[in-house]
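Q: Please take a close look at a single part of the model shown below, and set it in the context of the whole chain.

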Amino acid sequence: MVIFAGSTTQPEYATALSHGICKSESWFTTPLMLATVMNAIFLQATMESLGIPTRVQTAFRMSEVAEPYIRRRAVRHLEKGRVVIFAAGTGNPFFTTDTAAALRCAEINAEVVLKATNVDGVYDDDPRHNPNACLLDTLTYQEVISKELSVMDLTAITLCQENNIPVVVFNLGKPGNISKAIRGESVGTLIGGTQNSEAART
Ligand SMILES: Nc1ncnc2c1ncn2[C@@H]1O[C@H](COP(=O)(O)OP(=O)(O)OP(=O)(O)O)[C@@H](O)[C@H]1O
Ligand SMILES: O=c1ccn([C@@H]2O[C@H](COP(=O)(O)O)[C@@H](O)[C@H]2O)c(=O)[nH]1
């Protein structure tokens with residue numbers, strides 16, 4: 001199993017950027033990537049307190065606190081039944097944690113990207129701004145791109161499309177949703193599903 005730690009919004013950093021304290025957006029992205037490492041370490045501690053063996057791998061070196069990302073090593077951990085938490089995004093500015101998820105899933109030949117987020121799935125419009133937006137059950141990658149359904153950034157969705165990795169978008173806040181998504185039960189929105197993944201949902 002693979003889990004990606006999303007960066008939480010850091011209002012202090014956003015304020016620093018808007019006040020001109022941070023010189024460029026590429027500088028500003030570093031603390032955001034570091035925030036995902038903190039999240040990953042907390043998640044690791046929580047999972048290990050439940051007896052689940054876990055490893056954190058970071059996209060840039062922080063060897064005193066976590067392993068560096070090494071694809072073959074990550075795959076070996078998974079083969080041994082450990083949860084691997086990938087942190088620090090892609091390690092590069094101008095990307096997102098969704099793109100990091102798509103990239104790592106492509107690298108390790110993952111079957112699916114499970115995007116646990118703060119809305120029930122993909123809507124025909126941003127539900128935060130349009131209360132009449134309708135929740136969609138399934139979508140093709142092309143529909144997400146052409147209709148500009150910005151629940152996931154274009155780089156991430158394109159990477160999933162190119163590597164035929166379906167994406168399930170679901171609400172993290174609803175109890176039971178993570179289990180449902182992992183078991184392949186119907187939850188949220190399925191993007192780029194094949195007949196097999198459709199069957200798995202029913
Ligand atoms: N068509 C759409 N359907 C669903 N959500 C949409 C759509 N368009 C925009 N959104 C927005 O996308 C957001 C979810 O994506 P976002 O990447 O912000 O969340 P996240 O991945 O949970 O956050 P993070 O990556 O910081 O952990 C929702 O809060 C919603 O407002
Ligand atoms: O690989 C990466 C991952 C993230 N960033 C920066 O962090 C923010 C927040 O990421 P979310 O995926 O929206 O949680 C993102 O906008 C980037 O500024 C990055 O540079 N590289």
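A: Accessible areas are obtained here by the Shrake-Rupley method with a 1.4 Å probe, and for residues only the protein chains shown count as cover. On that basis, the accessible surface of the protein chain comes to about 11,500 Å², and carbon and sulfur atoms hold 54% of this area. The model is predicted, so local features need pLDDT of at least 70 and side-chain atom pairs pLDDT 80 or more, while totals for chains, interfaces and linings use all residues; side-chain values use heavy atoms, without hydrogens and water. Residues are numbered from 1 along each chain as written, chains are lettered from A and ligands numbered from 1 in written order.

The protein chain contains 8 helices and 8 strands (DSSP runs numbered from the N terminus: H or I of at least four residues, E of at least two). Of its 202 residues, 37% count as buried (under 20% relative accessible area; exposed is over 50%, partly exposed in between; 1.4 Å probe, protein chains only). Among contacts (heavy atoms within 4.5 Å) between residues at least 6 apart in sequence, 61% join residues at least 24 apart.

The part selected for the close look is the site of ligand 1 and the segment around helix 4. There are 18 residues around ligand 1, a residue being counted when one of its heavy atoms lies within 4 Å. The closest of these residues are K115, T117, N118, Y123 and D126. Two elements, helix 4 (97-107) and strand 5 (113-117), each contribute at least two residues to this shell.

Three side chains place an N or O atom close enough to ligand 1 for a polar contact (N or O atoms within 3.5 Å; within protein, one must be able to donate a hydrogen and the other to accept it, and sequence-adjacent residues count only through side-chain atoms of both). The side chain of N118 has such an atom 2.8 Å from an oxygen atom of ligand 1. D126 likewise brings a polar side-chain atom to 2.8 Å from an oxygen atom of the ligand. For T97, the separation between a side-chain N or O atom and a ligand oxygen is 3.4 Å. On its own, ligand 1 has 640 Å² of accessible area, and the protein covers 76% of that.

The loop between strand 4 (83-87) and helix 4 includes A88, and F94 belongs to this loop as well. Neither A88 nor F94 is a glycine, yet A88 has a positive phi of about 70°, as does F94. Their exposure sets them apart: A88 counts as buried because its relative accessibility is 0%, whereas F94 counts as exposed because its value is 60%.

At the start of helix 4, a side-chain oxygen of T96 comes to within 3.3 Å of the backbone nitrogen of D98. Within helix 4, the buried residues are D98, T99, A100, A101, A102, R104 and C105. Just after helix 4, N109 adopts a positive phi of about 60°.

Earlier in the sequence, H77 occupies a place in helix 3 (residues 71-79). H77 counts as buried because its relative accessible area is 5%. The side chain of H77 forms a polar contact of 3.0 Å with the side chain of E67. Beyond its neighbours within four places in sequence, H77 is in contact with R55, Q57, E67, R82 and V84.
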